[in-house]
Amino acid sequence: MSPAVAVRDLVKDYGAVRAIDGVSFEVERGEVFALLGPNGAGKSTIVEILEGHRTRSSGAVSVLDTDPAAAGPSFRDRIGIVLQTSGIDPELTVREAIDFYGAAYSRPVPSQDLIELVELGEKADARISTLSGGQQRRIDMALGLAGDPDVVFLDEPTTGFDPAARRRGWELVERLASEQRAVLLTTHYLDEAENLADRVAVLARGRIVAEGTPAELRARAGSALIRFVVPDRAEPVPDLFAPVSGDIIGRGRYVEITTDAPTADLAHLTAWAAARGIELEGLTVSTPSLEDVYLGLVDGDRGGDDVTGSDS
């Protein structure tokens, strides 16, 4: 089966400015694909091209085996879009809004099913203007799913959610993927991408600078970080550090070691402490998070050249 989304050598120029420069990726059915990047990197431009709302300069794009640039109503009937803001009439009730949007699709999801899906049952007949920001964001999600789409574009889907609501939002995204829908996610929450995405592409200045699973991207960063506090009575301290292979930074009694051999270095440190009957206070070992990797990749690339003013 062909990918739900396929992008090959995508280019978008605005006059002399190249906003998208040879981007290629695929999104399979049942997969959550996260597109990450700083403001101005070109994320929104790519998504708008995939949705058929913006034309490309060159390259090949296919969504559900259709070129969005030449697609008709039958294509839009199969995609769902959750924008950062929907612009919906605030005087409509939740149910009225969902019924109104659903009427545009050939296979609308019953409004009550969507209301329950986004956990707004108690607010079904409340006017949107009376809802909190997080509740209004849930309506945006419901509207994006009103047509029972095969491909879902999620633009910052959990903005305005409290921590508990974010977790429930994540569960909803996972459910969409489990139903063999393809999900293309843009988010500024790196923990969200790390928890939800099967694969991640990091975009900087219109180019993909890294792509892979979150675990693969973390592995590229390599080094682990060992932290601990040296006890006052620990002597002689030079013996503690002599065999350590990593880079050592000391701030008083606080020590950080960046190492590509965490097992060997940690074994030495703990053996040294055990032989002297002391504890290395606050001893922790951590590997780079997706956020660490992301910041390393896009450092210096903030404020890219997306001249549309719409990218986020």
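The legends below describe close-up views of a predicted model of one protein chain.

**Figure 1. Overall view of the protein chain, with 11 helices and 13 strands.** The C-alpha trace spans about 75 × 50 × 35 Å along its principal axes. Of the 312 residues in the chain, 46% are buried. Among contacts with a separation of 6 or more, 70% are between residues 24 or more positions apart. The chain exposes about 14,500 Å², and carbon and sulfur atoms supply 49% of that area. The chain carries 31 positive and 51 negative charges, and the mean positions of the two sets are 1 Å apart.

**Figure 2. The stacked aromatic pair F25 and F33.** The count of aromatic pairs in the model comes to two. In the pair shown here, the ring centres of F25 and F33 are 5.0 Å apart, with 10 degrees between the planes. The pair counts as stacked because that angle is under 30 degrees. F25 has a relative accessible area of 3% and is therefore buried. F33 is also buried, with a relative accessible area of 0%.

**Figure 3. The edge-to-face aromatic pair F100 and Y101.** The ring centres of F100 and Y101 lie 5.9 Å apart. Their planes meet at 75 degrees, so the pair is edge-to-face; the cut-off for this class is over 60 degrees. F100 is exposed, at 58% relative accessibility. Y101 has a relative accessible area of 28%, which makes this residue partly exposed.

**Figure 4. K12 over the face of Y14.** K12 is placed 5.0 Å from the centre of the Y14 ring. The residue belongs to strand β1, which covers residues 5-14. K12 counts as buried because its relative accessibility, 9%, is under the 20% cut-off. Beyond its neighbours within four places in sequence, K12 is in contact with V17, R18, A19 and I20. Contacts of K12 further along the chain include T45, I49, R54, T55, R56 and S57. For R54, the C-alpha to C-alpha distance to K12 is 9.5 Å, at a sequence separation of 42 residues.

**Figure 5. The charged end of R166 over the ring of Y189.** The view is centred on the side chains of R166 and Y189. The distance from the charged end of R166 to the centre of the Y189 ring is 4.2 Å.

**Figure 6. A34 in strand β3 and its contacts.** Strand β3 runs over residues 32-36 and includes A34. With a relative accessible area of 0%, A34 is buried. Neighbours within four places in sequence aside, the residues in contact with A34 are L185, A193, A197, R199, V200 and A201. T45 is 11 residues from A34 along the chain, and the C-alpha atoms of the two are separated by 15 Å.

**Figure 7. L64, a residue other than glycine with a positive phi.** The phi of L64 is about 55 degrees. L64 is located in the loop that joins β4 (58-63) to α2 (73-76). The relative accessible area of L64 is 6%, so the residue is buried.

**Figure 8. R205, a residue other than glycine with a positive phi.** For R205 the phi is about 50 degrees. The residue sits in the loop between strands β8 (199-204) and β9 (207-212). R205 is partly exposed, because its relative accessibility of 36% falls between the cut-offs of 20% and 50%.

**Figure 9. V230 in the loop between β10 and α9.** Strand β10 covers residues 224-229 and helix α9 covers residues 238-241, with V230 in the loop between them. V230 is buried, at a relative accessible area of 8%. D191 is 39 residues from V230 in sequence, and the two residues are 32 Å apart in space, C-alpha to C-alpha.

How values were computed:
Residues numbered from 1 in each chain as written. Predicted model: local features only at pLDDT ≥ 70, side-chain atom pairs only at ≥ 80, totals over all residues. Heavy atoms only, no water. Phe/Tyr/Trp six-rings, centres within 6.5 Å; stacked < 30°, edge-to-face > 60°. Buried < 20%, exposed > 50% of the residue type's maximum accessible area, 1.4 Å probe, protein only. Lys NZ or Arg CZ within 6 Å of the ring centre and 35° of its normal. Helix = DSSP H or I, 4+ residues; strand = E, 2+ residues; numbered from the N terminus. Contact = heavy atoms within 4.5 Å. Areas by Shrake-Rupley, 256 points an atom, 1.4 Å probe, with all protein chains shown as cover. Lys, Arg positive; Asp, Glu negative; His and termini not counted. Charge placed at Lys NZ, Arg CZ, Asp CG, Glu CD.
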